[in-house]
Amino acid sequence: MIRVLLVDDHALFRQGLRSLLESEGMRVIGEAANGREAIRYAAETHPDVILMDIQMPELDGVKATQSILEIDPKSSVIMITMYRQDRYVFEAVKAGARGYVLKDADAATLIDAIRRVAAGEALLDADMAQNVLDDFRDKREELPSEKHADLNERETMILKLLAQGFSNQDIALRLDISEKTVRNRLSEIFTKLQLNNRTQAALYAIREGIANLD
């Protein structure tokens, strides 16, 4: 059962999400009305997935996401936004959010997104990936570069599959290795490339030509 934390300042919206998720067999383990509550709930309950609204009082979704991922880089955050080109979404994805879902998305899209992220995938489409990479360049921020020569053939393949959206289970099946081996190899890849999470790894792989989203 996927355990979900709902973060949105509109109680009616949270209630609607709770009803939908519970009807799909998921468990809502908490609700937060602002970013500060989200950080506390996330630290206490360690949800499988956090649905995080962008704009909230006291502390917005981006800052809350950054704080949550500083505490636990493995946290799986999906941003909920009204606008696909919301600048705040870029900042959240740069910080390590797994992607975003529009507030006007249909139920099937949201449920699929939650299940994919719970399985270890990132919700990065080609446009979003490129926009985030452009943003790094415009601000003169850098992901580590020209270091993938340090990766062996198996590590490079794992990084490529991760960037293409495959979960740990899918990667294990494709390479005929265990999920534990995939997790261990990913940890080694992150250390070698000085990356903090799967989103940054996916962006790195796309930028370096290891993988593409076409």
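**Reading the strands and helices of a predicted model**

Mentor: In this predicted model, Ile 80 stands opposite Val 101 in β5. The strands that hold this pair of residues are β4 and β5, which pair in the parallel sense over four bridges.

Trainee: What makes β4 and β5 count as a pair?

Mentor: The test is a count of bridges, and at least two are required. β4 and β5 have four bridges, so the requirement of at least two is met and the strands pair.

Trainee: What is the order of the strands in the open sheet?

Mentor: The five strands follow the order β2-β1-β3-β4-β5, with parallel pairing. β2 (27–32) and β5 (99–102) each have a single partner strand, so both stand at the edges, and one side of each is left without a neighbour in the sheet. On average, neighbouring strands are turned by 25° against each other, direction ignored.

Trainee: How do you know that β1 is joined to β2?

Mentor: Five bridges join these two parallel strands, and because at least two are needed, the pairing holds. One position to look at in the structure is Val 4, which stands opposite Val 28 in β2.

Trainee: What links β1 to β3?

Mentor: Four bridges link β1 to β3 (residues 49–53), again in the parallel sense. In this part of the sheet, Val 7 stands opposite Met 52 in β3. β3 is also joined to β4 by four bridges, and these two strands run parallel. There, the bridge partner of Ile 50 is Val 77 in β4.

Trainee: Why is Leu 5 called buried?

Mentor: A residue is buried when its relative accessible area is under 20%. The value for Leu 5 is 0%, so Leu 5 counts as buried. This residue lies in strand β1 (residues 3–7).

Trainee: Which residues does Leu 5 touch, not counting those up to four places away in sequence?

Mentor: Among them are Ile 29, Gly 30, Ala 38, Tyr 41, Pro 47, Val 49 and Leu 51. Pro 47 is 42 residues from Leu 5 along the chain, yet their C-alpha atoms are separated by 6.1 Å.

Trainee: How do you know that β4 is mostly covered?

Mentor: Five of its five residues are buried. Val 77, Met 79 and Thr 81 point one way from the strand, whereas Ile 78 and Ile 80 point the other way. Residues on both sides of β4 are therefore under the 20% limit.

Trainee: Is Ser 76 buried or exposed, and how do you know?

Mentor: Ser 76 has a relative accessible area of 7%, so it is buried. It is found in the loop between α3 and β4. Leaving aside neighbours within four places in sequence, its contacts are Asp 48, Val 49, Ile 50, Arg 98 and Val 117.

Trainee: Is Glu 58 buried or exposed, and how do you know?

Mentor: To be exposed, a residue must be over 50%. Glu 58 has 58% relative accessibility, so it counts as exposed. Glu 58 lies in the loop between β3 and α3 (61–71).

Trainee: What is the phi of Glu 58?

Mentor: Glu 58 has a positive phi of about 70°, although it is not a glycine. His 46 is not a glycine either, and has a positive phi of about 50°. His 46 lies in the loop between α2 and β3.

Trainee: Which helices lie across β1, β2 and β3?

Mentor: Helix α1 (residues 11–23) lies across these strands and β4 (77–81), and runs at about 170° to β2. Helix α2 (residues 35–45) lies across β1, β2 and β3, at about 145° to β2. Angles over 145 degrees count as roughly antiparallel, so α1, at about 170°, is roughly antiparallel to β2.

Trainee: Which elements make right-handed β-α-β units?

Mentor: β1, α1 and β2 make one such unit, and β3, α3 and β4 also make one.

Trainee: What makes α8 roughly perpendicular to α9?

Mentor: The axes of α8 (residues 168–175) and α9 (residues 179–193) come within 8 Å and cross at roughly 110°. The range for roughly perpendicular is 65 to 115 degrees, so α8 is roughly perpendicular to α9. By class, their contact has four nonpolar, two polar and two charged residues. Asn 168, Gln 169, Ile 171 and Ala 172 in α8 meet Glu 179, Val 182, Arg 183 and Leu 186 in α9.

Definitions and conventions. Residues numbered from 1 in each chain as written. Predicted model: local features only at pLDDT ≥ 70, side-chain atom pairs only at ≥ 80, totals over all residues. Heavy atoms only, no water. Buried < 20%, exposed > 50% of the residue type's maximum accessible area, 1.4 Å probe, protein only. Contact = heavy atoms within 4.5 Å. Axes fitted to C-alpha atoms, helices over the stretch in contact; angles between N-to-C directions. Parallel < 35°, antiparallel > 145°, perpendicular 65-115°, else oblique. Nonpolar A, V, L, I, M, F, W, Y, C, P; charged D, E, K, R; others polar. Right-handed = clockwise from strand over helix to strand, strands pointing away.
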